[in-house]
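Here is a briefing for someone meeting this structure for the first time. The points are grouped by topic and can be followed with the sequence and the 3D view side by side.

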Amino acid sequence: MNPETDLIEYLLRLGDSALIQGQRLCQWCGHAPALEEELALMNVGLDLVGQARNWLEYAAELLDDGRDADHLAFRRDERAYRNLLLVEQPNGDYAVTILKQFLYDAWHLPVLSGLAQSGDERIAGIAAKAVKEVTYHLRRSSEWVERLGDGTEESHKRMLSAIPELWRFTVELTSADDSEQRLQAAGITPDAAQVAAAWQTRVSKVFTSATLPVPPAASYFYLDARRGLHSEHLGILLAEMQFLPRAYPDATW
């Protein structure tokens with residue numbers, strides 16, 4: 001495969017995952033359990049949307065087909081998205097939202113830390129800036145997992161219920177396909193095995209502190225977002241997210 005095609009695919013994976021996770025967090029606007037939490041969630045969501053723009057702008061430049069970052073974000077069909085299956089899952093209760101954010105953050109930070117050393121200067125620059133934001137994201141979500149897991153009987157029960165609901169989707173966080181392996185060999189992306197090990201170590205540490213069981217590694221899952229095979233939830237989310245730009249494609253602010 002053309003190395004540029006691999007790179008575009010990878011940029012879409014990064015950008016789409018940040019975009020969809022940011023959109024999910026923004027759905028809590030007006031519904032969070034406390035004002036402070038609503039502000040924190042919106043700040044994390046805005047960080048991720050900003051990161052998504054940076055990745056998608058680079059992808060659009062490489063595609064060079066007239067589409068820009070906004071077009072990639074709002075006018076592609078579901079099968080063209082490359083976001084992680086994990087981030088498209090519904091928010092659920094606050095335990096599900098926090099656990100999903102933590103599982104994503106625990107993967108996101110080592111990925112960005114590795115990308116900050118990328119042989120691609122554009123990627124390295126974007127990642128270096130994002131590392132600062134995601135370091136905070138991970139600290140915050142880790143603390144919440146510990147607080148809920150080792151909190152009241154009810155919060156512990158809800159965290160226990162959230163784990164099997166989300167764990168099966170973590171298989172994408174600990175495996176690399178052929179495209180990523182080629183980018184890794186070219187010095188563009190970090191070692192997938194090191195990312196997986198860092199993710200597992202972080203998850204095990206936080207779960208243990210939160211008095212939560214660490215499940216065995218997730219195995220094969222029949223869906224594969226890297227090939228555009230998503231769960232039923234993404235299409236519903238995109239319908240809401242894309243309505244305005246699709247209904248009024250020539251609108252300007």
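The second largest pocket of this predicted model has a volume of about 170 Å³. Its lining draws at least two residues from each of the helices α1, α2 and α3, and among the lining residues are L19, G22, Q23 and C26, together with V49, R53, D70 and F74. The points below begin with the enclosed spaces, then turn to the cysteines and salt bridges, and end with backbone and surface features.

**Pocket and cavities**

- The full lining of the second largest pocket consists of L19, G22, Q23, C26, V49, A52, R53, L56, A69, D70, A73 and F74.
- Besides this open pocket, the count of cavities of 30 Å³ or more comes to three, and the largest cavity has a volume of about 270 Å³.
- The largest cavity is lined by 22 residues, and those that lie nearest its centre are Y10, W107, E172, S175 and E180.
- Two or more residues of that lining come from each of the elements α1 (3-26), α5 (94-115), α8 (178-185) and α9 (192-209), with α1 giving the largest share, four residues.

**Cysteines**

- How many disulfides does a search of the whole structure find? The search finds zero, and C26, which also helps to line the second largest pocket, has as its nearest cysteine sulfur that of C29, 7.5 Å away.
- Because a disulfide requires two cysteine sulfur atoms within 2.5 Å, the 7.5 Å between the sulfur of C29 and that of C26 is too far for a bond.
- C26 counts as partly exposed, at 29% relative accessibility, and C29 is likewise partly exposed, with a relative accessible area of 46%.

**Salt bridges**

- Across the whole structure, a search finds 16 salt bridges, and in one of them the side chains of E180 and R13 meet at 2.7 Å, N to O.
- Since E180 lies in helix α8 and R13 in helix α1, this pair ties together parts that are 167 residues apart in sequence.
- Are the two partners buried or exposed? E180 is buried, with a relative accessible area of 16%, and R13 also counts as buried, at 9% relative accessibility.
- A further salt bridge is formed by the side chains of R67 and D65, with 2.9 Å from N to O; here R67 counts as partly exposed at 28% relative accessibility, and D65 is partly exposed with a relative accessible area of 41%.
- D93 forms a salt bridge with R158, in which the closest N and O atoms are 3.1 Å apart, and this pair links distant parts of the chain, with D93 in the loop between α4 (85-88) and α5 and R158 in helix α7 (residues 153-167), 65 residues apart.
- Both residues of that pair are partly exposed, D93 with a relative accessible area of 26% and R158 with one of 39%.
- Salt bridges that share partners also join R13, D177, E180, D224, R226 and R227 into one network.

**Backbone features**

- Most residues other than glycine have a negative phi.
- D64, however, has a positive phi near 50°; D64 is placed in the loop between α2 (35-63) and α3 (69-74) and counts as exposed, at 66% relative accessibility.
- T211 has a positive phi as well, near 55°; T211 is placed in the loop between α9 and α10 and is partly exposed, with a relative accessible area of 41%.
- The C-alpha atoms of Q181 and D191, which are ten residues apart along the chain, are separated by 8.3 Å; Q181 lies in helix α8 and is partly exposed, with a relative accessible area of 43%.

**Surface patch**

- Which residues form a nonpolar patch on the surface? The patch is formed by F243, L244 and Y248, which together have about 360 Å² of accessible area.
- Of these residues, F243 is placed in helix α10 (residues 232-247), and F243 counts as exposed because its relative accessible area is 55%, where exposed means over 50%.

How values were computed:
Residues are numbered from 1 along each chain as its sequence is written. This is a predicted model: local features need pLDDT of at least 70, side-chain atom pairs count only at pLDDT 80 or more; totals for chains, interfaces and linings use all residues. Side-chain values use heavy atoms; hydrogens and water are left out. Patches are made of residues with over 30% relative accessible area and no salt bridge: like charges are joined within 9 Å, nonpolar side chains (Val, Leu, Ile, Met, Phe, Trp, Tyr) within 5 Å. Accessible areas come from the Shrake-Rupley method with a 1.4 Å probe; for residues, only the protein chains shown count as cover. A salt bridge is a side-chain nitrogen of Lys or Arg within 4 Å of a carboxyl oxygen of Asp or Glu. Buried means under 20% relative accessible area, exposed over 50%, partly exposed in between (1.4 Å probe, protein chains only). On a 1 Å grid over the protein atoms alone, a cavity is a set of points where a 1.4 Å probe fits but cannot get out, and a pocket is an open set with protein on both sides within 12 Å along at least five of seven lines; lining residues have an atom within 4 Å of a point. Grid points are joined across faces, edges and corners, and a volume is the space filled by probe spheres set on the points.
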